[in-house]
Amino acid sequence: MYYMNDITRDGEPVLRQVSEKIEFPLTKNDLQLAHDMMEYLYNSQDPKIGKEMGLRAGVGLAAPQVGVGRQMIALLVPKLDPNAYADDFDLEKVMVNPKIVSHSAEKICLKEGEGCLSVDDDVPGYVPRYARITVTYQDIQGNSYKNRFKGYPAIVLQHEIDHLNGHLYYDRINHESPFTLGDLTYLLG
Ligand SMILES: Cc1nc(NNC(=O)[C@H](CC2CCCC2)CN(O)CO)c(F)c(N2CCN3CCOC[C@@H]3C2)n1
Ligand code: NI
C-alpha cells in the first residue's frame, strides 16, 4: 500500500537513471511491486479512498517513482468518452520492459499540459508526444506483446516509459515559448 510519502520526488537520483531490465520469472518482490503500483492507481482514482489517503490521482506509475530502478510501469487509463462506464479503461495493466520500437512523425499533446506525482510543482507548457507508437513489453507472466497505441493512452505510455529512461515531462517543454504549437498536430483532452 503506497501513500504520497512513498512517492520518490524530483531530485532523487533514481528518477534520473536508466532503469534495469527485469528478468523472468519475476521474484516475489517484483510481483508485490506490480500489485502495489496498480493498487496505488485504483486507490488514487477512488474519490473516497483517494481523499482519505491523501493521494494525488494517477493514471500511470513507473517503478522509479517508488524508488525501484527497474523497468516496470502500471497503467490505469480511463476512456476519455464521458459516456463510458467508470470501470471501463483504455489501458489497465502492468508492463514489464516496455520499449517504443516505432512511432509516427506526427506529434500531439495534452491541452492542459502534464504533471507528475514525482514533481511537486506543476510546470506549465505543452509536452510533445508521438501521436502513435508501437510498444513491445511483457506481462507479469512473461508473455511478450507488440501493440500499437494512439492518442491519450499513447501519451500516458510515453510519460511512463520516459521515467524508465530518466526523463521527466518538463524536460520536453519548450521553455522559450511553452505553449507554441510548433509541429504539434493537435491538442488532446
Ligand atoms: C492526464 C491525467 N493525469 C493525472 N494525474 N497525473 C498522472 O497520472 C501522471 C501521469 C500522467 C500525466 C500526463 C500523462 C500521464 C502520474 N505520473 O507522474 C506517472 O509517471 C490524472 F489524475 C488524470 N485523471 C483523469 C482520469 N481521472 C479518473 C478518475 O480519477 C481521477 C483521474 C484524474 N489525468
Ligand atoms: Ni510521472
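Okay, let's start with the open sheet of five strands: the order is 1-2-3-6-7 and the pairing is antiparallel. Strand 1 (60–62) and strand 7 (144–150) are its edge strands, each pairing on one side only. On average, neighbouring strands here are turned by 40° against each other, direction ignored.

Quick housekeeping: this is a predicted model, where local features need pLDDT of at least 70, side-chain atom pairs count only at pLDDT 80 or more, and totals for chains, interfaces and linings use all residues. Residues are numbered from 1 along each chain as its sequence is written, chains are lettered from A and ligands numbered from 1 in the order written, and side-chain values use heavy atoms, leaving out hydrogens and water.

For terms, strands (E, at least two residues) and helices (H or I, at least four) are DSSP runs numbered from the N terminus, and two strands pair if DSSP finds at least two bridges between them. Strand 2 (72–78) and strand 3 (89–103) share seven bridges, with Leu76 opposite Glu92.

Now, the other sheet. It's open too, with three strands in the order 5-4-8 and mixed pairing. Strand 5 and strand 8 (184–188) each have a single partner strand, so one side of each has no neighbour in the sheet. Strand 4 and strand 8 run parallel, joined by four bridges.

Right after that, look at Lys111, in the loop between strand 4 (107–110) and strand 5 (129–130). Is Lys111 buried or exposed? Neither: at 43% relative accessibility, Lys111 counts as partly exposed, because that label covers what falls between buried (under 20%) and exposed (over 50%), using a 1.4 Å probe and protein chains only.

Technical notes: Axes fitted to C-alpha atoms, helices over the stretch in contact; angles between N-to-C directions.
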